[in-house]
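The exercises below are meant to be worked through with the coordinates open, each task being followed by a stepwise solution.

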Amino acid sequence: MAEALSLSEAYITARQAWWAGDLVYCLRALTETGADGNDELASHDEYDPVRLLRWRANQLYAQVLRGLKEERQPDPAFIVETRHLRGAFHQASPRLFEFRAFMRDLTWDEELFRRATMVAGRYGRQVAAPSAKYQEEEENAGTINFDDPELSWLEIRDHMLVEVSISEFALLRAQLTWTSHVPPADVERIHLAFLNVLRSLESVR
Amino acid sequence: MRFKVHLLLGWQWRNANQRRRPCPLPAPLLNIPPGRIDVATEYAGSYHILEMGRHFDAYSARPYVALPYRYTPMLPRWMPAALMERARAADVTGNSGEIIAGLIARRLFKVRPGSLVHLRARVDRRTPDYVIDNSPQLLSFIAAFAGVPTAGLPAHWPIESKAGIGLLDRRDSEAALRQILAYWHHIRNRYSDGVGYGLIVTTELTRASITVSVLMPHNASHASALTNYLRSCTYEQIKGLAADDLPLITRHLRGFDG
């Protein structure tokens, strides 16, 4: 977080880090908003959008502190980070791992979507063709289609099946299913698999 | 699932039970694959629902079939109504609306992820679902749609969503308006430039229809009159405003015909 972020960007980065389960980064982003956990604004009757954000940031700050006290921050081995992206993963079941990542710099959003479209293209698009009914409606009504690039893909390699999708909010979620009878021996292989997902987005041109 | 999106200034009604008039603009189509809903819900949905995309897909389908129970004719006199089907859960439907409002902001208004702030309601106060923070794309879109200069539009817009299975009626839109109204009341003194402006996104799942109502005052004097009215009221008075009194608010807004 080299540059000072605007209030809304810092708050949203914090919210996204919270979603990913990365409390340490969430706290760091909240510090940029000036939040200190003081919930004094809750008793106020008047707001403006900035004050509303500050109030929410303070609430989240208090929540994060509670989470850290309860030791809910993932172990560093479960944090995956590249230049523009960062996330955390956890083990949902013996052979299922879930990874959630967010942008460290929200101004990178257009680049993320562009690159995700390219990576998805490399792995093969999986969009179902529109039904005949909708195609017909579209042609008759002279409708406008929203730009809707495919932002999900599937990677299969080394006993791992990794499903990646990126939402409108520029959040990345990947699920890794370990397909061998023998469970993974260490967390490094899983970490590396998720790191490769982020690296593929960083390196594609 | 593909949804037709209708854009309206305010809302128009023929009478209380009839559908609003169609938008004169060509209806854009919004494609919403279930996979997109999953991640968006985890981030911005108020309710904790796993695999929301599958719910969304099933709830949008018509006819809706949710694992119907096989009827076993035992003790017929004691079974006045065998459970033959399952209903959609209202909170899951509501979650869909919340997510779709976010998608509309992202795709239709090109609001960047860093400018779309998802809010959570205070226990004692109504709050809209989102506030858009400084989105030039939104302002250009609204200005072109409503035929007004961007200079007069506020930088922050609240968005409220409503979702239902079939046809939504006036009460649903009024309920959404009340959320926005509470926001206007909160900002009446500290950010009066934003009073009168907002977006209501109404989703009718089985009709594959989304209506975006753009709220804005007729002009500066109406905006000022609305602000003064809000300043003269307590929050409780605004919250308890009867349906018949809503014209006290809507007469200051464009696109309302009663």
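Two residues are in contact when heavy atoms of theirs lie within 4.5 Å. The model to which this is applied here is a predicted one.

**Exercise 1. Describe the overall make-up of chain A, from its elements to its contacts.**

Step 1. Counting the elements gives six helices and seven strands in chain A.
Step 2. Read from the N terminus on, these elements follow the order α-α-α-β-β-β-α-α-β-β-β-β-α.
Step 3. Of the 205 residues in chain A, 49% are buried, where buried means under 20% relative accessible area.
Step 4. Taking the contacts in chain A with a separation of 6 or more, one finds that 59% of them join residues 24 or more positions apart.

**Exercise 2. Check whether the length of helix H6 of chain A fits its number of residues, and examine its start and its buried positions.**

Step 1. Helix H6 of chain A covers residues 187-203, and its 17 residues, at 1.5 Å a residue, should span 24 Å.
Step 2. The end C-alpha atoms of this helix are 24 Å apart, which agrees with the expected span.
Step 3. At the start of H6(A), the backbone nitrogen of A:Glu188 has a side-chain oxygen of A:Asp186 within 3.3 Å.
Step 4. The buried residues of H6(A) include A:Ile190, A:Phe194, A:Val197 and A:Leu201, and A:His191, A:Leu195, A:Leu198 and A:Glu202 are also among them.
Step 5. In an α-helix there are 3.6 residues a turn, so residues three or four places apart point the same way.

**Exercise 3. Characterise the two crossings in which helix H1 of chain B takes part.**

Step 1. Two packed helices are described by the angle between their axes and by the distance between the axes.
Step 2. For H1 (residues 34-44) and H2 (residues 52-60) of chain B, the axes come within 7 Å and cross at roughly 130 degrees.
Step 3. Angles of 65 to 115 degrees count as roughly perpendicular and those over 145 as roughly antiparallel, and H1(B) and H2(B) are therefore oblique to each other.
Step 4. The crossing of H1(B) past H2(B) is right-handed, and the residues that meet there include B:Ile37 and B:Thr41 in H1(B) and B:Met52 and B:Phe56 in H2(B).
Step 5. For H1 of chain A (residues 7-20) and H1(B), the axes come within 9 Å and cross at roughly 110 degrees, and these two helices are therefore roughly perpendicular to each other.
Step 6. H1(A) passes H1(B) in a right-handed crossing, in which A:Ile12, A:Arg15, A:Gln16 and A:Trp19 meet B:Val39, B:Glu42, B:Tyr43 and B:Ala44.

**Exercise 4. Examine the backbone of the loop between strands E5 and E6 of chain A.**

Step 1. Most residues other than glycine have a negative phi.
Step 2. A:Asp158, which is found in this loop, has a positive phi near 50 degrees.
Step 3. A:His159, found in the loop between E5 and E6 as well, has a positive phi of about 65 degrees although it is not a glycine.
Step 4. With a relative accessible area of 45%, A:His159 is partly exposed.

**Exercise 5. Describe the surroundings of B:Gly97 in helix H3 of chain B.**

Step 1. B:Gly97 lies in H3, which covers residues 90-107, and is buried, with a relative accessible area of 0%.
Step 2. Once its neighbours within four places in sequence are left aside, B:Gly97 is in contact with B:Ser161, B:Ala163 and B:Thr203.
Step 3. B:Val39, 58 residues from B:Gly97 in sequence, is 15 Å from it in space, C-alpha to C-alpha.

Terms used: Residues are numbered from 1 along each chain as its sequence is written. Chains are lettered from A and ligands numbered from 1 in the order in which they are written. This is a predicted model: local features need pLDDT of at least 70, side-chain atom pairs count only at pLDDT 80 or more; totals for chains, interfaces and linings use all residues. Side-chain values use heavy atoms; hydrogens and water are left out. Helices (H or I, at least four residues) and strands (E, at least two) are DSSP runs, numbered from the N terminus. The expected span of a helix is 1.5 Å times one less than its number of residues. Buried means under 20% relative accessible area, exposed over 50%, partly exposed in between (1.4 Å probe, protein chains only). A polar contact is a pair of N or O atoms within 3.5 Å; within protein, one must be able to donate a hydrogen and the other to accept it, and residues adjacent in sequence count only if both atoms are side-chain atoms. Axes are lines fitted to C-alpha atoms, for helices over the stretch in contact, and angles run from 0 to 180 degrees between N-to-C directions. Angles under 35 degrees count as roughly parallel, over 145 as roughly antiparallel, 65 to 115 as roughly perpendicular and the rest as oblique. A crossing is left-handed if the near helix is turned anticlockwise from the far one by less than a right angle, and right-handed if clockwise.
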